Protein chains: 4
Amino acid sequence: MARKIDPEQHEGKRQEILAAAHRCFLRNGLQGASISMICKEAGMSPGHLYHYFPSKEAIIEQMADDYLAALHGHFGGHGKETPTATVLLSELWSMSGWDDLSHCRILFELLAEAGRNPRIHAILRDNTDGIRDLLTATLATGQARGEVDPSLDPRHTSAVLVAVLDAAPMLPLMTDGLDFEESRKLITTMISRFLRPQP
Amino acid sequence: MARKIDPEQHEGKRQEILAAAHRCFLRNGLQGASISMICKEAGMSPGHLYHYFPSKEAIIEQMADDYLAALHGHFGGHGKETPTATVLLSELWSMSGWDDLSHCRILFELLAEAGRNPRIHAILRDNTDGIRDLLTATLATGQARGEVDPSLDPRHTSAVLVAVLDAAPMLPLMTDGLDFEESRKLITTMISRFLRPQP
Amino acid sequence: MARKIDPEQHEGKRQEILAAAHRCFLRNGLQGASISMICKEAGMSPGHLYHYFPSKEAIIEQMADDYLAALHGHFGGHGKETPTATVLLSELWSMSGWDDLSHCRILFELLAEAGRNPRIHAILRDNTDGIRDLLTATLATGQARGEVDPSLDPRHTSAVLVAVLDAAPMLPLMTDGLDFEESRKLITTMISRFLRPQP
Amino acid sequence: MARKIDPEQHEGKRQEILAAAHRCFLRNGLQGASISMICKEAGMSPGHLYHYFPSKEAIIEQMADDYLAALHGHFGGHGKETPTATVLLSELWSMSGWDDLSHCRILFELLAEAGRNPRIHAILRDNTDGIRDLLTATLATGQARGEVDPSLDPRHTSAVLVAVLDAAPMLPLMTDGLDFEESRKLITTMISRFLRPQP
DNA sequence: TATGAATGAGGGTTCATTCAT
DNA sequence: GATGAATGAACCCTCATTCAT
């Protein structure tokens, strides 16, 4: 009897390729990273790589999807009781991964690509929608509890909050010798003052 | 008999090339836009283009410099008396160019590139420094006038403000059917609440 | 316990592969059809396919042999008494398969390949020899009966007849909106006038 | 002042490439001949070749067009007075190029390709139409002069004649040690008996 | 028997760049 | 100043084939 495909092993290889691709994209950009580069990084021949992904585009899209899901996925684990917005936001900054911002540069690759590639645009939008839904609900709850300014539209506000959040990786790129911890506090302060009920 | 080169005409050609390159970069990305593409867009042969720029890299760098200078240059025209921070910020949003955000996508190309290209990184940093100096001074003046929260460190705060400003073009990419005018108001509100003296 | 290979089943698989290959070659040409394509068409893995054929070349050669044998094999079933040449020829056109000429395009693949591949050349020649032998004998019989022009050399004439026969599939490729039935009649007329005793 | 493109030199290079491609196609087939092979044959780098042709497909199509025009083009030079059909046909066989049939194998490549590539199909059809028009007119004239069987439909007959003509290169491929001169005479006899008025 | 993993050379094509004119 | 000829490495991807299971 012939061996059927082992889905676990297959998926494992896919993940290896995606991880290798992620590293290459980080080093050289989405277009600058070549398939042969990714193959070398993954210890794999080009022919074999195409056994797991039909095209470079597919690798980019899967990587984008996974990356954005991971980036925004830290919010999902807070359990049943939704925290107030301010608490939630303050927790954002403590999430793992933000400590090493370098890997966040891929976000800019994706933003750039999204402007001209409809599929990447859709992936970005869909992944953003997920976290916006959560933020919108959290803001509404906060408003009901009197912890968030009720005059702010939750839906619109959620978009601004995500943008501000994702803008943080800009800071080390734009400024030299940045004290990121200090900037983190400032952004937290800004959001806190933004959201809280006005006198 | 031989004509000396006319510096003005020479500079004019350079500008034409840079404008053509900008359009190509916008359409295809920094790496996706090819020299021959730029040549076609500029109505010029490759040999001739290399008369004005020594390499594609040089075109990208010059374009980056010009673009960032223009993007952040709107603040320079306010004359002698520095406006208060809040007024300044509110004016940011009325600056020409923000109406059509599409051209801002190049910013993300540059942010992505800056992460792996030290020369682009330097150009980005230097151009950001200029506006940060201005913002820092404005914030300090605002604090002296009692219009800005004196507990905010002007230098750090300027970095956050620039990041928030540059994050705005993310919004249309991340969200579908965005009401950008509404978002603009929200960001203005956020900054205003952030900066104003706390009770 | 181990099953011995079943020669019948083995041959059955080979036929399946050859049929799948034939369809692929028809769609994409001998070189344009890939092994993986043939595998998909045959519902088989590449490793398994190589269990039945040692190489793609072997598949092509076997397919060529089978195809030519089938193409020219319609003449074999006429029993003991050889028909006169004219009758034989008129029957050629009623043979099954000529109604759908599309599958005959493979003949041109083989002719093209035969020009540079000695093995295909040999297969083509050998298969043609078979039908030429039959035609030669038929022509000689016809001459003996006074139904065929005795001045025609039977051996040379048989080659021309086969060529004319195999040229028929060119017609739909070369002319638009061809009335193939009409052309069939014309060719029959041509051969009939060619062969019959001259006054 | 810059040198404008020299159309003659440009066309000359194109012809060189086409000639090199023709030789490669003859040796290895349309799909078997690679661009790098053609480049080597033409003494040219791949980048440069693509300066003259946008794709391999374009090379094939141009080659096909030129080849078929040359193959069928020998009929054009007969001047004003159309010869009778029999004379015309007899002249076909004396045309230069038929002596070396090897280059005619490309015809089979084109026939095979025409079956699955609509553009090659169109090129083949269009080129065949040209010679069919001439043959049709010649046949009609021959009928008016009483030299051609008036019961033959000139249009349909022209198609059959072209097919028979183009089938000639099959003979050396199909038969071993062929006396091509003898076959030529046989085909001429066949056509002559086919066309002449019946008693 | 039968599978899919695995290879690496080669496919067509584009690239940034240089050079003679 | 300005052109288009010319390069050859590298691009993404597919190929026929082998091998462990």
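This passage describes the pairing of chains in a predicted model and one buried arginine. Local features need pLDDT of at least 70, side-chain atom pairs count only at pLDDT 80 or more, and totals for chains, interfaces and linings use all residues. Residues are numbered from 1 along each chain as its sequence is written, chains are lettered from A and ligands numbered from 1 in the order in which they are written, and side-chain values use heavy atoms, with hydrogens and water left out.

Chain C and chain D were compared by superposition (least squares on the C-alpha atoms of residues with pLDDT of at least 70 in both). A turn of 180° and a shift of 0.0 Å along the axis lay chain C on chain D with an RMSD of 0.1 Å. The two copies are thus related as by a two-fold rotation axis. Both copies use the same surface: 100% of the contact residues of chain C recur in chain D. Contact here means heavy atoms within 4.5 Å. Chain B superposes on chain A by a rotation of 180° with 0.0 Å of shift along its axis, at an RMSD of 0.1 Å. Here too the same surface serves both copies, as 100% of the contact residues of chain B recur in chain A.

The size of an interface is often given as the accessible area lost when the parts come together. Chain C and chain D bury about 4,400 Å² between them; this area (1.4 Å probe) is summed over both parts. Carbon and sulfur atoms carry 68% of it. Chain C gives 49 residues to the contact, and chain D gives 50 residues.

Across this interface there are 6 salt bridges (a side-chain nitrogen of Lys or Arg within 4 Å of a carboxyl oxygen of Asp or Glu). Asp176(C) forms a salt bridge with Arg125(D). Their closest N and O atoms are 3.7 Å apart. The largest share of the side of chain C that touches chain D, 9 residues, comes from H8(C).

Arg132(B) lies in helix H7 (residues 118-144) of chain B; helices are DSSP runs (H or I, at least four residues), numbered from the N terminus. Arg132(B) is buried (under 20% relative accessible area, 1.4 Å probe, protein chains only). Yet Arg132(B) has no salt bridge. The nearest side chain of opposite charge, Asp129(B), is 4.3 Å away. Beyond its neighbours within four places in sequence, Arg132(B) is in contact with residues including Thr175(A), Arg155(B) and His156(B).

Terms used: Helices (H or I, at least four residues) and strands (E, at least two) are DSSP runs, numbered from the N terminus. Buried means under 20% relative accessible area, exposed over 50%, partly exposed in between (1.4 Å probe, protein chains only). Lys and Arg count as positive and Asp and Glu as negative; His and the chain ends are not counted. Buried area is the accessible area (1.4 Å probe) that two parts lose on being put together, summed over both.
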